[in-house]
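Please open the structure in the viewer and keep the selection panel at hand. The tour proceeds stop by stop, each with a selection to make and a description of what is found there.

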Amino acid sequence: MKDKIKYFLKKNPFLRKYARLLLILVSNRKVLKTIPKKIIKGSGNEINVHKSVILYNCILDIKGEGNTIEIESASIFNNVTFFIRGDNNTIKIGENVKFNRGGEIWVEDFNCKVIIENNSTFENVHIAVTEPNSVVRIGENCMFADNIDIRTGDSHSIIDSLTKKRINYAQNINIGNHVWIASHVSILKGVHIGDNSVVATRALVTKSFKENNILIGGVPAKKIKENIEWDRERIYED
């Protein structure tokens, strides 16, 4: 019977939302907090959130023009701030994405994008996309732990003292499908992480690892092991 109910709710995300709200009531959390606080200044800004999405104690803070936040069905966000400053930026989040404890999605400047694909989960993550045309893309079925920092840029300029030219422009970040990022990891500009990989606790990732199925760790991060896979469940030998 329990499996039948789960299957029915999976096929009906709108009903699933109200089942989750019922659980919130049972646990004495205030349902009113599922209505996000909106601070929006500027014209042409669009917020397209599927009716099954839950935004618990969230803030949508936008200042600029032509910005878009799009969240697809069955996603849940707890204590998340969506912060946009600038024009024509996009935050696009797929189906069944979960921010379980908190986080920030922080976008500054112009034509920037944050793209999170289906079924990825986050405990507490800060994603910062700064400088024009910068992109953070996170693939499907990824798992992010606590206190993770993802940044396309440094927020301030470093200048070559001889040429007087800036040397630290922002670069895009691409995290593949089914990637596990452990706690206290920093992922910096220009990084690409391949599919089915794991980034170990407290790693500082400053360069790309495009090879799939590898374990990455250290400061700075390096490849520790190859030909690995991972699973959300703890698996025990018989």
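**Strand β9 and its partners**

Select Phe77 first: its bridge partner in β9 is Phe99. The model under inspection is a predicted one. Phe77 and Phe99 mark the place where β6, residues 76-78, meets β9, residues 98-108; these two strands run parallel and are joined by 2 bridges.

Next, select residues 80-85, which form strand β7; this strand pairs with β9 in the parallel sense, over 6 bridges. To find a point of pairing, display Phe83, whose bridge partner in β9 is Trp106.

Now add residues 121-130 to the selection. This is strand β11, which runs parallel to β9 and is joined to it by 9 bridges. Within this pairing, Ile105 stands opposite Ile127 of β11. While the side chains are displayed, it may be recalled that in a regular strand they alternate between the two faces of the sheet.

**The loop at His184**

Which strands flank the loop that holds His184? The loop lies between β16, residues 180-181, and β17, residues 186-187. Select His184 and show its surface: the residue is partly exposed, with a relative accessible area of 32%.

Then select Asn147 together with His184. The two residues are 37 positions apart along the chain, yet their C-alpha atoms are separated by 4.9 Å. Setting aside neighbours within four places in sequence, the contacts of His184 are Asp146, Asn147, Ile148, Arg202 and Ala203.

**Two cysteines**

Select Cys58 and colour it by accessibility. Is this residue buried or exposed? Cys58 is buried, with a relative accessible area of 3%. Move on to Cys142, which is also buried, at a relative accessible area of 0%. How many disulfides does a search of the whole structure find? The search returns 0.

**The whole protein**

Finally, clear the selection and display the entire protein as a cartoon. There are 2 helices and 22 strands to be traced. Of the 238 residues, 41% count as buried. Switching to a surface view shows the exposed area of the protein, about 13400 Å², of which carbon and sulfur atoms supply 50%.

One further figure concerns contacts along the chain. Among contacts in the protein with a separation of 6 or more, 22% are between residues 24 or more positions apart. The pair seen earlier, His184 and Asn147, is 37 residues apart along the chain, and Asn147 is one of the residues in contact with His184.

How values were computed
Residues are numbered from 1 along each chain as its sequence is written. This is a predicted model: local features need pLDDT of at least 70, side-chain atom pairs count only at pLDDT 80 or more; totals for chains, interfaces and linings use all residues. Side-chain values use heavy atoms; hydrogens and water are left out. A disulfide is a pair of cysteine sulfur atoms within 2.5 Å. Buried means under 20% relative accessible area, exposed over 50%, partly exposed in between (1.4 Å probe, protein chains only). Helices (H or I, at least four residues) and strands (E, at least two) are DSSP runs, numbered from the N terminus. Contact means heavy atoms within 4.5 Å. Accessible areas come from the Shrake-Rupley method with a 1.4 Å probe; for residues, only the protein chains shown count as cover. Two strands pair if DSSP finds at least two bridges between them.
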